[in-house]
Amino acid sequence: MEKRSIEMIELELAMLVRRLTSMTTYKKIGNLDRAAYLLLHQIAFYGSAGVKALADEFHLDISTVSRQVAALEQKAYIVRVPDPVDGRAFSLQITDLGSEVLEENRLARQDTIGKLLHAWSEEEGAALGQLLQKFNASFEEES
């Protein structure tokens, strides 16, 4: 890829991150922060998981995920389920309340994105989604 393309992508990504941070910090889309949203989504869609598996999935320290999990437990969005084989281990499962909150936030986020893309064609939206998916997959290749 040419340097000019990389320069444009770098700048546009920096602007996107700044705008997303501003939008989620000041305009509050839903009541879940990004970390909570992604953890709940992971558990809801891929099944129960342990802290280490979640840390590996998101390329975070176990201590970071443990703090995030503790906050979700405190709000009763997830529960610890003991491992039947290893009594010291546990997995995390989403609660009914956690599922409800996740769905509310998912719909609020999608509504906001839909409003931002109202003038885009279906083809443009699909292309953006596919390119973002490909870009995110690039991070897995680098790990």
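Here is a chat between a student and a tutor about this predicted model.

Student: Let's start simple: how many helices and strands does the protein chain have, and in what pattern do they follow along the sequence?
Tutor: Count the elements first: there are six helices and two strands. Now read along the sequence, and the order in the protein chain is α-α-α-α-β-β-α-α.

Student: What box do the C-alpha atoms fill?
Tutor: The box is taken along the principal axes of the protein chain. Its dimensions are roughly 55 × 30 × 25 Å.

Student: What share of the residues in the protein chain is buried?
Tutor: For a residue to be called buried, its relative accessible area has to be under 20%. The protein chain has 143 residues, and the buried part of them comes to 20%.

Student: And how much of the accessible surface belongs to carbon and sulfur atoms?
Tutor: Start from the total for the protein chain, which is about 10,700 Å². The part belonging to carbon and sulfur atoms is 57%.

Student: Let's zoom in on N105. Is it buried or exposed?
Tutor: N105 is found in helix α5, which covers residues 96–116. Its relative accessible area is 1%. Since the cut-off for buried is under 20%, N105 is buried.

Student: Which residues does N105 touch, leaving aside its neighbours within four places in sequence?
Tutor: With those neighbours set aside, we keep the partners from elsewhere along the chain. For N105 these contacts are I29, G30, N31, L32 and Y37.

Student: Y37 is on that list. Which residue lies over the face of Y37?
Tutor: Look for a residue at 3.9 Å from the centre of the Y37 ring. The residue lying over that face is R109.

Student: What about S91: is it buried or exposed?
Tutor: S91 is found in strand β2, residues 90–94. Its relative accessibility is 19%. The limit for buried is under 20%, so S91 counts as buried.

Student: Which residues touch S91, not counting those up to four places away in sequence?
Tutor: Here too, the nearby stretch of sequence is left out. The residues touching S91 are S48, A49, G50, V79, R80 and V81.

Student: R80 is in that group. Which residue does R80 meet in a salt bridge?
Tutor: R80 is partly exposed at 42% relative accessible area. Its partner is partly exposed too, at 24%. The two side chains meet at 2.6 Å, N to O, and the partner is E73.

Student: How many salt bridges are there in the whole structure?
Tutor: The pair R80 and E73 is one of them. A search of the whole structure brings the count to five.

Student: K3 forms a salt bridge as well. Why are K3 and E7 separated by about one helical turn, and how far apart are their closest N and O atoms?
Tutor: K3 and E7 are four residues apart in helix α1, which is why about one helical turn separates them. K3 is exposed at 59%, while E7 is partly exposed at 42%. Their closest N and O atoms are apart by 2.5 Å.

Student: Which residue forms a salt bridge with R106?
Tutor: Stay in helix α5 and go three residues away from R106, about one helical turn. The residue there is partly exposed, with a relative accessible area of 33%. The closest N and O atoms of this bridge are 2.6 Å apart, and the partner is E103.

Student: What kind of aromatic pair do F135 and F139 form?
Tutor: Both residues lie in helix α6, four residues apart, about one turn of the helix. Their ring centres are 5.4 Å apart, and the planes are at 90°. An angle over 60 degrees counts as edge-to-face, so the F135 and F139 pair is edge-to-face.

Student: One last thing: which residues form the nonpolar patch with about 330 Å² of accessible area?
Tutor: One member sits in the segment before α1, and that is M1. M1 is exposed, with a relative accessible area of 76%. The nonpolar patch on the surface is formed by M1, I6 and I9.

Notes. Residues numbered from 1 in each chain as written. Predicted model: local features only at pLDDT ≥ 70, side-chain atom pairs only at ≥ 80, totals over all residues. Heavy atoms only, no water. Phe/Tyr/Trp six-rings, centres within 6.5 Å; stacked < 30°, edge-to-face > 60°. Lys NZ or Arg CZ within 6 Å of the ring centre and 35° of its normal. Patch = residues over 30% accessible without salt bridge, like charges linked within 9 Å, V, L, I, M, F, W, Y side chains within 5 Å. Areas by Shrake-Rupley, 256 points an atom, 1.4 Å probe, with all protein chains shown as cover. Salt bridge = Lys/Arg side-chain N within 4 Å of Asp/Glu carboxyl O. Buried < 20%, exposed > 50% of the residue type's maximum accessible area, 1.4 Å probe, protein only. Contact = heavy atoms within 4.5 Å.
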